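Thanks, everyone; I would like to walk you through one model this morning, helix by helix. Please keep the structure open while I talk.

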Amino acid sequence: MPIRFDYYSLYLLKFLRDTGNDLMNDEEFISSRADLAAEEYENIRRDGASVAVAQESAMTVLLNGL
């Protein structure tokens, strides 16, 4: 399963590489966490939040526990 070239996947991959986290090789983790972040962004925007608020919430989901 190749890494997707979307914002959240690439951001997370770079973060994991920069921090030396072993999860940088876990494509399933990266993909699923990126999907959760994208979902969070979409849901927050649908609820009427600004782009900045939605992005902040998505990044919180993306990097949770890392």
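What span should the 20 residues of α2 have at 1.5 Å a residue, and how far apart are its end C-alpha atoms? Before I answer, a word on conventions: this is a predicted model, in which local features need pLDDT of at least 70 and side-chain atom pairs count only at pLDDT 80 or more, while totals for chains, interfaces and linings use all residues. Residues are numbered from 1 along each chain as its sequence is written, and side-chain values use heavy atoms, with hydrogens and water left out.

Helices here are DSSP runs of H or I with at least four residues, numbered from the N terminus, and the expected span is 1.5 Å times one less than the number of residues. On that basis α2 should span 28 Å, and its end C-alpha atoms are indeed 28 Å apart, so the two values agree. Just after α2, G48 takes a positive phi of about 100°.

Turning to α1, residues 7-19, the 13 residues should span 18 Å, and the end C-alpha atoms are 18 Å apart, which agrees. Its buried residues, meaning those under 20% relative accessible area with a 1.4 Å probe and protein chains only, are Y8, S9, L12, L13 and L16. They cover an arc of only 130° around the axis, taken from the directions from the helix axis to the C-beta atoms, which puts them on the same side of α1. On the other side of α1, K14, R17 and D18 are exposed, that is, over 50% by the same scale. The buried residues of α1 pack against α2 (27-46) and α3 (51-63), where contact means heavy atoms within 4.5 Å. At the N-terminal end of α1, D6 acts as a cap, with a side-chain oxygen 3.2 Å from the backbone nitrogen of Y8, and α1 is followed by G20, whose phi is positive, near 70°.

Back in α2, the buried residues are F29, I30, S31, R33, A34, A37 and I44, and they pack against α1 and α3. R33 deserves a pause: this buried residue has no salt bridge (a side-chain nitrogen of Lys or Arg within 4 Å of a carboxyl oxygen of Asp or Glu), and the nearest side chain of opposite charge, D26, is 9.7 Å away. Leaving aside neighbours within four places in sequence, R33 is in contact with L12, V61, L62, L63, N64 and L66.

Finally, in helix α3 we find S57, which is buried with a relative accessible area of 18%. With neighbours within four places in sequence again left aside, S57 is in contact with E40 and I44.

Methods:
Helices (H or I, at least four residues) and strands (E, at least two) are DSSP runs, numbered from the N terminus. A polar contact is a pair of N or O atoms within 3.5 Å; within protein, one must be able to donate a hydrogen and the other to accept it, and residues adjacent in sequence count only if both atoms are side-chain atoms. Lys and Arg count as positive and Asp and Glu as negative; His and the chain ends are not counted.
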